[in-house]
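Good morning, colleagues, and thank you for making time for this presentation. Please keep the sequence and the structure in view while I speak.

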Amino acid sequence: MSAEVEDKYPSYAIFCGSLGAASAIVLSAMGAAYGTAMSGKGIAVMALTKPELIMKSIIPVVMAGIIAIYGLVVAVLIAGSISDEYTIQKAHVQLGAGLCVGFSGLSAGMAIGVVGDTCVRASARQPRLFVAMVLMLIFAEVLGLYGLIVAIFLYTKL
């Protein structure tokens, strides 16, 4: 590569873009894992008293799993756009997109885990709390969706 081409497409740009893809999937998967583990703990405790409610209580686990899909989508988009003609500006924007969906997925997964653990146990004792649990889970899930929307918006820049 000539010096002019090297300045326009530095070799470390690919590292920055790859770091964005990695942070998108790793952080959102960590959030999904935490949400699944915490909700699963609540389901296991609840199942001791009311085993007939196990399938109804799976909702937090499913919603936590969706968080990882958000990170996967952004990571695949970023990884698919990395090439030899990859500018540092594009790499930095895509690093920001990956961090955006990753951290929002991590926080959404933590919120789903706490709400799932607490509300599954509470709805086993008081069935009227089920609708409130679903609403709280939806609001926690939306935090991850906001990160996905911003990450896709950033991805389309440059």
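I begin with the annotation. An unreviewed UniProt entry places the feature "domain: V-ATPase proteolipid subunit C-like" at residues 19-78 and 95-154. What you see is a predicted model, and I shall describe how these annotated stretches appear in it.

Over residues 19-78, the chain is 85% helix and 0% strand, with the end C-alpha atoms 10 Å apart. For residues 95-154, the helix content is 93% and the strand content 0%, and the end C-alpha atoms again lie 10 Å apart.

The unreviewed UniProt entry also lists residues 12-37, 58-83, 95-117 and 129-155 under "transmembrane region". Two of these I shall take individually. Residues 12-37 are 100% helix and 0% strand, and their end C-alpha atoms are separated by 37 Å. Residues 129-155 are 96% helix and 0% strand, with 39 Å between the end C-alpha atoms.

Let us turn to the packing of the helices, beginning with helix 2, which covers residues 12-49. How do the axes of helix 2 and helix 3 cross? Helix 3 spans residues 59-81, and the two axes come within 8 Å and cross at roughly 175°. Angles over 145 degrees count as roughly antiparallel, so helix 2 runs roughly antiparallel to helix 3. Their contact comprises 16 nonpolar and 9 polar residues, with no charged residues.

Helix 2 also meets helix 4, residues 88-125; here the axes come within 7 Å and cross at roughly 0°. Helix 2 is therefore roughly parallel to helix 4. By class, this contact has 23 nonpolar, 16 polar and 3 charged residues.

On the subject of charge, the structure holds 2 salt bridges. One of them joins the side chains of D117 and K41, at 4.0 Å from N to O. This pair links distant parts of the chain, since D117 belongs to helix 4 and K41 to helix 2, 76 residues apart. As a general point, side chains of opposite charge can pair when their charged atoms come close.

Finally, I ask you to look at the surface. Which residues form a nonpolar patch there? They are V62, I66, I69, V73, L77 and I152, and together they have about 430 Å² of accessible area. Helix 3 gives the most to this patch, with 5 residues. I152, in turn, is found in helix 5, which covers residues 130-155.

That concludes my presentation, and I welcome your questions.

Conventions: Residues numbered from 1 in each chain as written. Predicted model: local features only at pLDDT ≥ 70, side-chain atom pairs only at ≥ 80, totals over all residues. Heavy atoms only, no water. Axes fitted to C-alpha atoms, helices over the stretch in contact; angles between N-to-C directions. Helix = DSSP H or I, 4+ residues; strand = E, 2+ residues; numbered from the N terminus. Parallel < 35°, antiparallel > 145°, perpendicular 65-115°, else oblique. Nonpolar A, V, L, I, M, F, W, Y, C, P; charged D, E, K, R; others polar. UniProt positions renumbered as here; feature names shortened; annotations may be inferred. Patch = residues over 30% accessible without salt bridge, like charges linked within 9 Å, V, L, I, M, F, W, Y side chains within 5 Å. Areas by Shrake-Rupley, 256 points an atom, 1.4 Å probe, with all protein chains shown as cover.
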